[in-house]
Amino acid sequence: MPSNLDLLDILPQSLGVQGPLMSVVKLPSELVIEGLLSLVQAQEPILDPTYGNGTFWKGTKRKVVGGDCDPTRAKDIVLDFTALPFTDGQFPTVVFDPPFHPDVNSRESVRFKHMGSDEKQMQAQFRAGVAECWRVCSHILIVKCQGFIHNHRPQWMPLWAIDVCGEPFEWLVVMRDQKVISGRWTSCNSLRRNHADYLVFNRGGNHR
Ligand SMILES: C[S@@+](CC[C@H](N)C(=O)[O-])C[C@H]1O[C@@H](n2cnc3c(N)ncnc32)[C@H](O)[C@@H]1O
């Protein structure tokens, strides 16, 4: 957790604290999400079609429609993010946080089983999900992208999201202390990923 002093520097006014949100932060995801939603004055209801454990919404008072393909994780509705059961532009705000890895029979296989069995299938699922989220969004879409190396190639999720939605309105880098250790590789010639990218897309354009 950041110290109170860090929070004073970082959190937006809507959290009751003065100060701008910086472009690189080390904050828990619920504060990252609240910071971005405040920055863009996000309207509600907010669709979260990958609700998971609901970590993004810890302590929130916002009206969130939580969906997931896993019935034990779907707060309001069981759905598939590649075919969302909503009309075009139905939600003013959508927040998307898909699994970031294909299923390779690892111990995380349950989490990743819907993303296909290799990086090509995983990318196709990711793109289909971003396209659906963009379709049902009338104003703001936030996509959390987790970079990683798979099959000796970097998987540039932010670029795939930009390919679908166009230039982002904002791009927030969130650092974390530890990389997820794969266990198989003790050395590799790539940068160790210690961050996630949160991209904000705005149907109203990039003017501010
Ligand atoms: C990275 S987790 C989301 C974590 C969440 N943001 C939180 O704060 O706990 C991804 C979620 O997407 C769900 N998921 C995977 N494939 C899906 C699909 N095709 N449609 C809907 N949900 C899916 C998984 O069940 C998992 O709960």
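**Exercise 1. At what angle do α4 and helix α5 pack, and how far apart are their axes?**

*Solution.* Start by finding the two helices in this predicted model: α4 covers residues 119-135, and α5 covers residues 157-165. Next, read off the geometry: the two pack at an angle of about 40°, and their axes are 9 Å apart. Now classify the angle. Angles under 35 degrees count as roughly parallel and 65 to 115 as roughly perpendicular; α4 and α5 are therefore oblique to each other. Finally, add the handedness: the crossing of α4 and α5 is right-handed.

**Exercise 2. Which residues of α4 meet α5, and how do the contact residues divide into nonpolar, polar and charged?**

*Solution.* First, look along α4 for Gln-123, Phe-126, Arg-127, Val-130, Ala-131 and Trp-134. Then find their counterparts in α5: Met-157, Trp-160, Ala-161, Val-164 and Cys-165. Last, sort them: nine are nonpolar, one is polar and one is charged.

**Exercise 3. What is the strand order of the open sheet, and which strands are at its edges?**

*Solution.* Trace the eight strands in the order β1-β9-β10-β6-β5-β2-β3-β4; the pairing is mixed. Then check the ends: β1 (24-25) and β4 (77-78) each pair on one side only, which makes them the edge strands.

Now zoom in on one pair. Strand β2 (residues 46-48) runs parallel to strand β5 (residues 91-96), with two bridges between them. Ile-46 has Thr-93 in β5 as its bridge partner.

To finish, bring back α4, which packs on the sheet and touches β5, β6 (137-145) and β10 (195-202). The direction of α4 makes about 155° with that of β6.

How values were computed: Residues numbered from 1 in each chain as written. Predicted model: local features only at pLDDT ≥ 70, side-chain atom pairs only at ≥ 80, totals over all residues. Pairing = 2+ DSSP bridges. Helix = DSSP H or I, 4+ residues; strand = E, 2+ residues; numbered from the N terminus. Contact = placed C-beta atoms within 7 Å. Axes fitted to C-alpha atoms, helices over the stretch in contact; angles between N-to-C directions. Parallel < 35°, antiparallel > 145°, perpendicular 65-115°, else oblique. Left-handed = near helix turned anticlockwise from the far one by under 90°. Nonpolar A, V, L, I, M, F, W, Y, C, P; charged D, E, K, R; others polar.
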